[in-house]
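Trainee: Got a minute to walk through this one with me? I'd like to go over it piece by piece.

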Amino acid sequence: MRSRMFVISFMLLLLVALTDAASWGAQEPQDAAPFGPQDVFPLFGRALQAADLIILKDGSIVSATIEGSEFTLNSPKVGEKSFSRDQITAIVFGDVSKKTSDQIFLRTGDQVSGTLKMEQLKAQLVLAENASLKPADMKAVLLRFSAEGNQPMHPGFQGGFRAVLGLFTDLILSVTKFDTFVFPDGRLASVLLDNRDQLAFTIASSFFGRFTFTPVQIAWVTFARSADQPDQLALKNGDRVSGPVTAESDLTGKLTSGGAGFSLKKDELRTQLRQTLFQIPVRLFGGGGGRPQKPGEH
Amino acid sequence: MDLRLLVAVAVALLLLFLAGGALMKKPVIVEEPPSAAPEILSIQFPKEFAADGSEAHGTLTFQDPNGDIVDARFEVVEAVLFEPFHFDPEVQNQVKGEFSFYLFTVIPQEVTLRVILVDQAGHESQPVEFHFQATESTP
């Protein structure tokens, strides 16, 4: 009788333990919220606080330190006038095919149109040496935003930045069209990766085990700022997993803006990059779906 | 007598032959069945909505003689950044009716979409376009 009770008690305890263990796999991952535009928009604000940002005609972007303390525009209305960097929000280059002129957007919200006195723009690009860019190759330049004595940056570009909302759209387009590096200080660069189809990242999730994903599947990889925090990997389908992330190979390629190539060692990625974005899906920023009919509803 | 009978039979056979040939040459008019493709009757959708990621809802009214629509396809004609999509509106066995859809965007832009309904046999409706403005959302 006593041995029978012991066996029954043991079986009950085992049943409880197994049920509890089965529930482990059903637990929500650490970061269950699906990624969305709210994860992408702040990137641009941080980039503009870190450095100037160049938008190229092909839609790519690159953070840079642009040489020159002032820019001169020959305007039909005001004649030749120079503006200092501190006065300027953005410079938009004209398009001969569209018959548009150069424009300087000021932090006051004013806008001046005319012809820029600029044969080429000298800048130090992230991941590259000094470069000279022709206005014909650029769509716009957003100058580094300094918070000193100015309104705080806002993703909606309040105050003097509202005029350049169209450029904000170009920033969004760039991350859907190109792979993007985000550096620890917030700077950005569109990149063309070599052997993209062979790249892979492995994440060791404490809940789900080890998985390997490719850039086709990955929206982005975020490397933790400190050793006590997990890396994060977001997939294009909206799933998100936390855990140590390792690249299966070095990242090599070149900036879309041209210039020398780069090579980032796979073991040094987390010190050299904050995030790697792999062509964020367009549907994140606009799309739709259906509302199926409910049974009996006509 | 036998000869006259033979001639009569021969003439009859000849007449039958000629009549049959004429009948065979008569054109056969095949009536085409009515179109089985679905038809979009109307699309109701706001002319503008806020580009803040919230959903804007619309309604599409249709008719389909076979009641076998299986897909509603939304193609992008013009937009800054908008993903085309499609879905099954689940209106099986309905020869006339409506279904709902939603759109969203976080990019202020003008968008023109083209909608096509597809039935189980692959027949496509005539496309219908509609246009809307996603306006900048006030922070």
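**Salt bridges first, then the interface**

Mentor: Sure. Keep in mind that this is a predicted model. Let's begin with a network of salt bridges that links Arg73(B), Glu75(B), Arg114(B), Glu124(B) and Glu129(B).

Trainee: OK, how far apart are the closest N and O atoms of Glu75(B) and Arg73(B)?

Mentor: They sit 3.0 Å apart, and the two residues form a salt bridge.

Trainee: And how exposed are Glu75(B) and Arg73(B)?

Mentor: Glu75(B) has 22% relative accessibility, so it counts as partly exposed. Arg73(B) has a relative accessible area of 23% and is partly exposed.

Trainee: How many salt bridges are there over all chains?

Mentor: The rule gives 11 over all chains. In chain A, one of them joins the side chains of Lys117(A) and Glu80(A), at 3.7 Å from N to O.

Trainee: Where do Lys117(A) and Glu80(A) sit in the chain?

Mentor: Lys117(A) is in the loop between strand 7 (111–116) and strand 8 (121–125) of chain A, while Glu80(A) belongs to strand 4 (residues 79–84) of chain A. The pair links distant parts of the chain, 37 residues apart.

Trainee: Are those two buried or exposed?

Mentor: Lys117(A) and Glu80(A) are both exposed.

Trainee: Which residue forms a salt bridge with Asp170(A)?

Mentor: That's Lys139(A), with the closest N and O atoms 2.9 Å apart. Asp170(A) lies in helix 3 of chain A and Lys139(A) in strand 10 (residues 138–142) of chain A, so this pair ties together parts 31 residues apart in sequence.

Trainee: Is Asp170(A) buried or exposed?

Mentor: Buried, because its relative accessible area is 12%, and the cut-off for buried is under 20%. Its partner Lys139(A) is at 32% relative accessibility, so that one counts as partly exposed.

Trainee: Switching topic: how many salt bridges are counted between chain A and chain B?

Mentor: The count there is 0. Polar contact is another matter: the rule finds 5 residue pairs across the interface of chain A and chain B, both residues at pLDDT 80 or more.

Trainee: Which elements of chain A give two or more residues to the side that touches chain B?

Mentor: Helix 2 (37–50), helix 3 (165–177) and strand 22 (286–291) of chain A. Strand 22 of chain A supplies the largest share of that side, 6 residues.

Trainee: What about the residue classes on that side?

Mentor: The side of chain A that touches chain B has 9 nonpolar, 11 polar and 4 charged residues.

Trainee: How much area do chain A and chain B bury between them?

Mentor: About 2200 Å², with 62% of it on carbon and sulfur atoms. In residues, 24 of chain A are in contact with 25 of chain B.

Trainee: Back to strand 22 of chain A: in what sense does it pair with strand 6 of chain B?

Mentor: Antiparallel, over 6 bridges, with strand 6 covering residues 96–105 of chain B. Within that, Gly287(A) stands opposite Phe104(B).

Trainee: Last thing, the backbone. What's the phi of Lys99(A)?

Mentor: Positive, about 60°, although Lys99(A) is not a glycine. Most residues other than glycine have a negative phi. Lys99(A) is in the loop between strand 5 (88–92) and strand 6 (102–106) of chain A, and with 77% relative accessibility it counts as exposed.

Trainee: And Asn93(B), where is that?

Mentor: In the loop between strand 5 (85–87) and strand 6 of chain B. Asn93(B) has a positive phi of about 70° and is exposed, with a relative accessible area of 71%.

Key:
Residues are numbered from 1 along each chain as its sequence is written. Chains are lettered from A and ligands numbered from 1 in the order in which they are written. Side-chain values use heavy atoms; hydrogens and water are left out. Contact means heavy atoms within 4.5 Å. Buried area is the accessible area (1.4 Å probe) that two parts lose on being put together, summed over both. A salt bridge is a side-chain nitrogen of Lys or Arg within 4 Å of a carboxyl oxygen of Asp or Glu. A polar contact is a pair of N or O atoms within 3.5 Å; within protein, one must be able to donate a hydrogen and the other to accept it, and residues adjacent in sequence count only if both atoms are side-chain atoms. Helices (H or I, at least four residues) and strands (E, at least two) are DSSP runs, numbered from the N terminus. Ala, Val, Leu, Ile, Met, Phe, Trp, Tyr, Cys and Pro count as nonpolar, Asp, Glu, Lys and Arg as charged, and the others, Gly among them, as polar. Two strands pair if DSSP finds at least two bridges between them. Buried means under 20% relative accessible area, exposed over 50%, partly exposed in between (1.4 Å probe, protein chains only).
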